[in-house]
Protein chains: 2
Amino acid sequence: MKKANNSKLKIIPLGGLEQIGMNITAFEYEDSIIVVDCGLSFPEDDMLGIDLVIPDITYLKENRDKVKGFIITHGHEDHIGALPYVLKELPAPIYATKLTIGIIDHKLKEHNILKQIKRKVVKHGQSINLGCFRIEFIKTNHSIADASALAIYSPVGIVVHTGDFKVDYTPVFGDAIDLQRFGEIGKKGVLALMCDSTNAERPGFTMSEKTVGKAFDNIFAEHKNTRIIIATFASNVDRVQQIINSAYRFDRKVVVEGRSMVNIINIATELGYIQIPDKTLIDIEQLKNYPDEKTVLITTGSQGESMAALSRMALDIHKKVSIKPGDTVIFSSNPIPGNEKAVSKVINELSMKGAEVIFQDAHVSGHACREEIKLIYSLVRPKYSIPIHGEYKHRIAQKRVVEDLGIEKENVFILASGDVFELDENQAKVTGKVKNGAILVDGLGVGDVGNIVLRDRQHLAEDGIMIVVLTLERGSNQVLAGPDIVSRGFVYVREAEGLMEEAKNVLESSLDRCLEQGVSDWGRIKGTVKDSLSEFIWKKTKRRPMILPIIMEV
Amino acid sequence: MKKANNSKLKIIPLGGLEQIGMNITAFEYEDSIIVVDCGLSFPEDDMLGIDLVIPDITYLKENRDKVKGFIITHGHEDHIGALPYVLKELPAPIYATKLTIGIIDHKLKEHNILKQIKRKVVKHGQSINLGCFRIEFIKTNHSIADASALAIYSPVGIVVHTGDFKVDYTPVFGDAIDLQRFGEIGKKGVLALMCDSTNAERPGFTMSEKTVGKAFDNIFAEHKNTRIIIATFASNVDRVQQIINSAYRFDRKVVVEGRSMVNIINIATELGYIQIPDKTLIDIEQLKNYPDEKTVLITTGSQGESMAALSRMALDIHKKVSIKPGDTVIFSSNPIPGNEKAVSKVINELSMKGAEVIFQDAHVSGHACREEIKLIYSLVRPKYSIPIHGEYKHRIAQKRVVEDLGIEKENVFILASGDVFELDENQAKVTGKVKNGAILVDGLGVGDVGNIVLRDRQHLAEDGIMIVVLTLERGSNQVLAGPDIVSRGFVYVREAEGLMEEAKNVLESSLDRCLEQGVSDWGRIKGTVKDSLSEFIWKKTKRRPMILPIIMEV
């Protein structure tokens, strides 16, 4: 892997830097491109009706011959969720650890593309060669098992990419993060470190996942006479393992509820990432055969998602479980920013049904806090620092930490999605910009909802719509029928008959004036209708419904 | 105030118990009603297009002859915001402390009803007589000056209502909470205590407002060479006072920006609730005449509100102030639940412009934590406890605190809005329910947007609308024009020409079949149009736009 010329390594993040989610980064050297992660993000509040958001991969499609494969660091949606959409346009092999591939396989099966795509399981410590790159998978810890950091060996030097990580000296399953290997690679000399910034604003160290197990034991010991319901993230297999362990210790049967939870636990069990003692798991149908104090439910809905199992239980619309006074409900999670209110709502509903809700002490983060970030930097000692995975403020917080460690200010790079960041041992800088952005997925439509449609949805959501229909005689432009006004989402018509009547009068007289003046251009007629109605409605209601004139000709 | 018969006191909360906001409670004894507070709440996420929400006062209108007046505990929107709307339907005198009346006056002036409404300023320690009630105003501390608790003397006993409060032994302006008087009244014997629950989940004591002043001094000392911009709640006059004090100490000029901030500071200055040293305040136009490090901006927008001054500065659309690299921006606030993401967005924007954002240490809550709640209960020692001001979970948290203090479980009442809670020295219970609820205000419309309109707006927001227009010949039902499809917020038509073409074909053939069969009922024709289009669109896109068939007849 000697460098034969002046070529540089290009690092091109195509997403993930402006928000949490949609992580995808291309590494390019001459005719080789590898892509690290391929995640989705969830829609912002103003993306009305949108289901999910995926990255624009125009740049990869334009260079499809160079693309050697996707390297996936771990199995969270913000790192794998765009794969089915992206692979349909750019089929390429996938490389990841066993559990990650298991979760991806399930996803590809759902999208009916499993057979077309080559997947290869890589073990921690193993390397793969793709084009001019060698990629080594390094064991890390995170809130999902089998997470990896990557050492990417390129002709101009080594780039270490942490993926999402924390340092857990006492993990629930498998080994602790391979700090020795980080040190060993660091000793070789690392060109650049791309490090998780999510918790860079938080001082100290993230607690071990194992502390949550202790918290469960304490809660179970204090609640021996009630049913226990625990909501957590479906993908946190270690968390589920600990709940099962506590349940087993306290002689309770376990029910798993919620589709995504059941899926992941099936995959994890099949692949050996979770050990369930015999006869501990029971079907939800069997629940009635056990006394409450002998059962635990593990469920989705820890983020207050309205359709998740816990929310349905709270609202008494779950088919099989109702909340009873005395139930103990544990949120083993923190609200993801934006979900605080939805979570509060579910807590209120649960409390009203008489449940005791426990919201503290049964969760730890999966991301490295400041001291862990310092540890990784101190092991890797890169020349350049590229904070990743986080909003701008998180990455800036990492930048501050890194500068404290003595890395020079000008060697820390706060990139933006689409930046072409070129580097070698002598210099590093942004040299260009490629197409990038967010593609909106709504139902089956990928990219067919853009700004105009979103703006219309916002307008409709705000004040509704008034439709004015009108049939004109061909040639003479005489009004044969209408104008009729139909409205939706504007005002409850029965409450506002007078207003609608008046509106119709305003409309008719402005239309009359317009036609009397011999205006025959439909555009101008529609404009007149729109302006006069809009002005009237604003004066009367201080609202601006969308006004849509439709003219038919007979 | 002797009790002559078996009449009981009725406490009827008409809002404020299911959410933060919309506080309003009626106290009724025989032919006297007094109303404590009259607040608005801000719309929930699913109340699309709604500006604000006010309580349903049907019960008060039905008993309008009994209503003696409104007693207002303090000048926050969730306690005064519904007054202009409610007073229009039920004009009655208002009683409150000086600053509170000042803020209400400004509001009534904006709504053009100042002259019709009698307002009376009451001092702390004073009482007023209304019908069979005597109401004493007791000094408390809160995040707005001049907050009051109330001792309501009724023929069956004393009810103490804390309003929103905290215990601040070292307030910035005026006196500390009048704990002696709480004790004195408690000694007389108190029937019921209605106590603020907002922070009942939090252990310990809320810090004094004065600690924030020290934080400002520290931040000012550490940022001597940059401009300082501080966002806080417009109504927190003491906070503004402390910023002005720090500015004065560090020889900086102060600019106040944001309409609501300017209004409140004007009122507070006029009434003597804020002292501004000479020549400290400058106009925003003068800002350019001073070096950055000699200025401080106090601004609205601490909740990430998109139209507030700080947000506009962050997005570079503020007419007079742009964020510059090196600016220090302090959030002297906590995000109100639901605003977390909006606040993060503004912080990211500010960081991207190069500002240093300080988000910690420059804020304290205005509500009592658990130890303060215990203190008030221990002074007042009521027979009955009615936790108020908080979501269900907060009130349940207070209930737990109160039970720990030895008040019997069955004497703690978690009421719901609309409950008629009857009490006297012998017993207390909910005996009935009155009409209550949320009236939505949208523009000038009060109550004309209800569930149907909201559901339509949600439907429109989710997937947009497809309108099918059709002109039929009167009598023959022959299609003279159309069917034409017009859509908004569904899909960008230029991207989906094929889909719309196909949809039209589907529509035409189902319509043909329907008319060939001699169907002449418009309802059935519309049903056919709707079903066939809806099925086609769902199959093709997995979306469910609103489908609105409109038939005209010529």
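Colleague: Why is Cys369(B) called buried or exposed?

Modeller: In this predicted model, where local features need pLDDT of at least 70, side-chain atom pairs count only at pLDDT 80 or more and totals for chains, interfaces and linings use all residues, side-chain values use heavy atoms, without hydrogens and water. Residues are numbered from 1 along each chain as its sequence is written, with chains lettered from A and ligands numbered from 1 in the order in which they are written. Buried means under 20% relative accessible area, exposed over 50% and partly exposed in between, with a 1.4 Å probe and protein chains only; Cys369(B) has 6%, so Cys369(B) is buried. Cys369(A), with a relative accessible area of 5%, is buried too.

Colleague: How do you know whether the sulfur of Cys369(A) is too far for a bond with the closest cysteine sulfur?

Modeller: A disulfide requires a pair of cysteine sulfur atoms within 2.5 Å, whereas the closest cysteine sulfur to that of Cys369(A), in Cys195(A), is 12 Å away, and is therefore too far for a bond. In chain B, the sulfur of Cys369(B) lies 12 Å from the closest one, in Cys195(B), which is likewise too far. Over all chains, the structure holds zero disulfides.

Colleague: What makes the contact of α6(A) with α7(A), by residue class?

Modeller: The axes of α6 (residues 209–222) and α7 (residues 237–249) of chain A come within 9 Å and cross at roughly 35°. The residues of their contact, which means heavy atoms within 4.5 Å, divide into five nonpolar, three polar and six charged.

How values were computed: Axes fitted to C-alpha atoms, helices over the stretch in contact; angles between N-to-C directions. Helix = DSSP H or I, 4+ residues; strand = E, 2+ residues; numbered from the N terminus. Nonpolar A, V, L, I, M, F, W, Y, C, P; charged D, E, K, R; others polar.
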